[in-house]
Amino acid sequence: MSSSKPLPCGPSQEGKVNTEADIWCYNCDEGLCSTCSGHHTRSKATRDHKTIDIKSYKPPIRAIKTECDKHGQQLNLYCPSHLMPCCDECISTNHSKCTGIKFLAAVVEKTKIEKSKESVEKEIYSILHVLDKMVNNKSINIQTGKQQCENIKKSFHKIREKINKHLYHLEKKLCQETDNLWDQETLTARDFITEIEKKKTNVQKLQEHLLSVTTQSSKLQSFLGVHQIEQQIHQCQQYVEDLENDDRAKEFCIKMTQKNEIKNILQQLGSLESIGEVTVVKTETGLNRESSVRRKAQVESQSNINNMTMSIETKIKINTEKGISDMICLMDGRVIVVEEDGKVNLFTSDGKLQKQLPIPGGAWSVTQINQNTIAITYPRETAIKIFNMENETVTKVINLDKHCYGLSFSNNSLAVGLNNDEIRIIDLEGNTLKSIQVESESSLFNLVYCNDRVIYSDYLGNAVYCYDESGKKIWQYTQDLSGPRGLCIDTYGNIIVADYDSDRIIVISKDGQNSKVLIGKEGGLEAPQCICFKHNESSGFICDFYGTYLATFNLVVR
């Protein structure tokens, strides 16, 4: 045992007798002395239990609770919509509208713990890889920053030889500014490294705990243990993803912008107040994660489209009375609906019109870059506008050479549909990273960019296509489609399509081989134009072409 303290026999303790345990039963979750072990082995109810010599037993690093933290009841049910174990009280209070509730024991029985362990282990390795890379990059950045500071100081001395004593004051001022900035940046960088190291330690502890949970616990405990670890890993993953928008993760570059007056320094020395401005220039650093960690169910069957069902929860009248070109659900739950006449409408999460965003021009498609920033295509202007929602200002205009329509953001890049023959991958400065030549009878109105692939609908050609970034066509789906328009991707990579002419929502498997009708006109749909998921959820919104309603849907995998 890992602990020097002997474990007591559980049944003997019940009889108020203190006896050391000789074996450990994983099913009973307690130790047994030699006497109780004999009864345990002969009993029909317990003879098949998994036991181990007490000397070989290693208690889990953390206790795995089988009771609900909130209600104190036994976890005996499982909600496939939210992928979580529940007690009876949880179901009645928080999951009353969820369908497909199952007994936890049945889910545990069908679950392959080893596969779940491998998935979580892969996520741990991915997170550790990113954190290691970030620490290494920041450490190198400190060294280069130090050298940059030294170079700035040396450059000053070359200038000083040509001017008089007045430069002593300027030198002192410049060095003070440089040192202040350097001290500030190094303090921030070192604090950041310390924070990441702590996060690494926590993840490594979870890694150790994962091994213990899956090798020395009952199947129920293993399932719950892996699930609990998985929740914590999701939090760690969110931390890693948030690093992409964290200023501390950006590489700082300490530079001096030399003033133009220095050229006339001999004539203007008396009035010269500063020789230059020392600033910190931050640039994005690509994390290049080995794998994108996303929440996945432990039950294998949940990625099968045949197990999917969709229901319309509410139907909210919005009555824009205009043709709709695009719609997205923002990270905070609000919804943006773009009208074909170019207006950009912002709705609350419950479908109430909050405001019309003050962006001039004829907008077409919209995508979210981060919490406060969106990008919008303007076909007639052949441009993409970057818009800050907090300040309500256009912060950048990216000019293109063709009419631009569908737009999607992923991996710090934008994928934009140009006319009907090209999808271009560009960075946020407008530089072309990839140019993908595609086939489509209609203009590239609707597309999604995810996992280094671009998927788009061809309304006139009744088809959905998938291309990778190299320009290779991965698959083409044409069966049972009638005017496909808006589309989005679920957690498992399946494509959800608004099939306009048939009044249906269709799911296409991630390999493009199969499809299933999720809901149709009988479910209350008419002329569906756009569909989108809420951030990290299996529910979302559907909007019709005429802008008369916003329907909230719930997608369940049984």
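Two strands are said to pair if DSSP finds at least two bridges between them, and with that in mind we can begin in this predicted model with strand β27, where Ile-489 stands opposite Ile-495. The strand that pairs here with β27 is β26 (residues 484-489), and the two run antiparallel, joined by four bridges. Together β26 and β27 form a hairpin with five residues between them, and in its turn Gly-493 has a positive phi of about 95 degrees.

On to the next strand, β28 (residues 504-508), which also pairs with β27 in the antiparallel sense, over five bridges. In this pairing Ala-498 stands opposite Ile-505 of β28. The hairpin of β27 and β28 has four residues between the strands, and Asp-503 takes a positive phi near 55 degrees there.

How enclosed is β27 by the rest of the structure? Five of the five residues of this strand (residues 495-499) are buried, so β27 is largely enclosed by what lies around it. The side chains can be sorted by direction, since Ile-495, Val-497 and Asp-499 point one way from β27 while Ile-496 and Ala-498 point the other way, and all of them are buried.

A sheet elsewhere in the chain shows how strands are arranged side by side. In general, strands of a sheet pair through backbone hydrogen bonds, either parallel or antiparallel. Here four strands form an open sheet in the order β14-β15-β16-β17, with antiparallel pairing. Strands β14 (366-370) and β17 (393-399) stand at the edges with a single partner strand each, so one side of each is left without a neighbour in the sheet. From one strand to the next, the twist averages 25 degrees. The antiparallel pairing of β17 with β16 (residues 383-388) extends over six bridges, and within it Lys-385 has Val-397 of β17 as its bridge partner.

A single charged residue deserves a closer look, namely Asp-544, which lies in strand β31 (residues 539-544). Which side chain of opposite charge is nearest to Asp-544? It is Lys-315, 7.7 Å away, and Asp-544 is buried yet has no salt bridge. A polar atom of the Asp-544 side chain does, however, lie 3.2 Å from the backbone nitrogen of Tyr-549. Leaving aside neighbours within four places in sequence, Asp-544 is in contact with several residues, including Ile-324, Glu-526, Pro-528 and Tyr-549.

Finally, we turn to a helix. In α2 (residues 34-42), Cys-36, Ser-37, Gly-38 and His-40 are buried, and the buried residues of α2 pack against helix α1 (10-14) and against the strands β1 (23-25), β2 (30-32) and β3 (51-53).

Note on methods
Residues numbered from 1 in each chain as written. Predicted model: local features only at pLDDT ≥ 70, side-chain atom pairs only at ≥ 80, totals over all residues. Heavy atoms only, no water. Buried < 20%, exposed > 50% of the residue type's maximum accessible area, 1.4 Å probe, protein only. Contact = heavy atoms within 4.5 Å. Axes fitted to C-alpha atoms, helices over the stretch in contact; angles between N-to-C directions. Lys, Arg positive; Asp, Glu negative; His and termini not counted. Salt bridge = Lys/Arg side-chain N within 4 Å of Asp/Glu carboxyl O. Polar contact = N/O pair within 3.5 Å; in protein donor to acceptor, adjacent residues only side chain to side chain.
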